[in-house]
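Here is a short tour of a protein model for you to follow along with at the bench. Have a look at the sequence and structure first, then read on.

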Amino acid sequence: MAANRHAAHDAEAEPEQPDYSVLTETGLRTLEAAEELFSDFSPERGLLSDLPQITVEAAGIEQVCRLAKTDSSLDLKMLHCLSCVDYEEHFELVYFLHSLEREQTLAIKTSVPYENPVLPSVSGVWAAAEWYEREASDLFGVTFEGNPDPSPLLLYEGFGGHPGRKSYPFYEYREF
């Protein structure tokens with residue numbers, strides 16, 4: 001019985017390694033180029049389904065995104081989407097970037113604490129990020145320092161709370 005507990009503990013201690021064989025050759029080259037390009041930002045490689053993924057610290061997200069867009073090894077000129085995920089202890093921001101030249105997508109992730117969700121805006125890198133950031137601000141309460149228009153996008157000024165958070169108190173809905 002004790003051996004089973006130790007085996008279960010060991011299995012929990014070592015996270016399962018992603019199966020990088022799901023990546024295309026281009027995807028694998030993109031992941032390797034991103035790791036090398038972002039080496040100053042302590043990148044962690046991973047997979048998001050069949051997309052290459054890099055996780056970096058929140059403080060460096062603006063610089064990482066600028067490098068991803070301007071460096072010819074990645075050429076990720078397009079921001080597909082920026083999404084926020086509530087894990088209750090922290091928020092995870094996921095930037096989906098795309099290279100039209102290489103027909104390749106890279107997901108860049110970063111986390112911010114639940115108590116003080118603040119990170120640099122990337123609206124100076126991609127103008128489209130302004131609206132995505134405003135949406136994350138409305139729904140989750142994430143503050144993007146440097147966003148030129150922090151006004152609400154989806155909710156009205158003075159709305160109480162952030163309805164994207166798992167802790168938001170939704171009332172029972174009844175159809176008539």
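Let's start at an aromatic residue: F159 is partly exposed, with a relative accessible area of 26%. Please keep in mind that this is a predicted model. Its secondary structure comprises four helices and seven strands, and 38% of the 176 residues count as buried.

**Overall layout**

- Going along the sequence, you will meet the elements in the pattern α-α-β-β-α-β-β-β-β-α-β.
- If you take the contacts between residues at least 6 apart in sequence, 54% of them join residues at least 24 apart.
- The protein exposes about 10800 Å², and carbon and sulfur atoms supply 51% of that area.

**The nonpolar core**

- In soluble globular proteins, nonpolar side chains tend to be buried together.
- Here the largest nonpolar core has 38 residues, and the members that touch the most others are F38, L93, Y95, I108 and L119.
- Which elements give two or more residues to this core? They are the helices α2 (25-37), α3 (61-70) and α4 (129-140), together with the strands β3 (78-86), β4 (90-99) and β5 (104-113).
- Y95 is a good residue to click on: leaving aside neighbours within four places in sequence, Y95 is in contact with I61, C65, C81, L82, L106, A107, I108, T110, L119, V122 and F144.

**A68 in helix α3**

- A68 belongs to helix α3 and is buried, with a relative accessible area of 0%.
- From C-alpha to C-alpha, A68 and A34 are 7.6 Å apart in space, although 34 residues separate them in sequence.
- Setting aside neighbours within four places in sequence, A68 is in contact with L37, F38, L74, D75, L76, L97 and I108.

**Cysteines**

- How many disulfides does the count come to? The count is zero.
- C65 is buried at a relative accessible area of 0%, and C84 also counts as buried, at 13%.

**Aromatic pairs and charges over rings**

- A pair of aromatic rings is described by the distance of the centres and the angle of the planes.
- The model has four aromatic pairs.
- In one of them, F91 and Y114, the ring centres lie 4.7 Å apart and the planes meet at 20 degrees, so the pair is stacked.
- Because F91 lies in strand β4 and Y114 in the loop between β5 and β6 (118-120), this pair ties together parts that are 23 residues apart in sequence.
- Are these two partners buried or exposed? F91 is buried, with a relative accessible area of 0%, and Y114 is buried at 15%.
- F159 and Y168 are also stacked, because their ring centres are 6.4 Å apart and their planes are at 20 degrees.
- Ring pairs link F91, Y114 and F140 into a cluster.
- Y114 has a charged partner too: the charged end of R165 sits over its ring, 4.8 Å from the centre.
- For Y20, the charged end above the ring comes from R45, 4.8 Å from the ring centre.

**A buried arginine**

- R134 lies in helix α4, and at 9% relative accessibility R134 counts as buried, because the cut-off for buried is under 20%.
- What is R134 in contact with, leaving aside its neighbours within four places in sequence? The residues are N147, D149, S151, P152 and L153.

**Two residues with positive phi**

- Most residues other than glycine have a negative phi.
- S49 has a positive phi, near 60 degrees, and lies in the loop between β1 (44-48) and β2 (51-55).
- D75 has a positive phi as well, near 60 degrees, and is found in the loop between α3 and β3.
- The surroundings of the two can be set side by side: S49 is exposed, with a relative accessible area of 64%, whereas D75 is buried at 12%.
- You have already met D75, as one of the residues in contact with A68.

Note on methods:
Residues are numbered from 1 along each chain as its sequence is written. This is a predicted model: local features need pLDDT of at least 70, side-chain atom pairs count only at pLDDT 80 or more; totals for chains, interfaces and linings use all residues. Side-chain values use heavy atoms; hydrogens and water are left out. Buried means under 20% relative accessible area, exposed over 50%, partly exposed in between (1.4 Å probe, protein chains only). Contact means heavy atoms within 4.5 Å. Accessible areas come from the Shrake-Rupley method with a 1.4 Å probe; for residues, only the protein chains shown count as cover. A nonpolar core is a set of buried Ala, Val, Leu, Ile, Met, Phe, Trp, Tyr and Cys residues joined through side-chain atoms within 4.5 Å. A disulfide is a pair of cysteine sulfur atoms within 2.5 Å. Rings of Phe, Tyr and Trp (its six-membered ring) pair if their centres lie within 6.5 Å; planes under 30 degrees apart count as stacked, over 60 as edge-to-face and the rest as tilted. A charge sits over a ring if NZ of Lys or CZ of Arg is within 6 Å of the ring centre and within 35 degrees of the ring normal.
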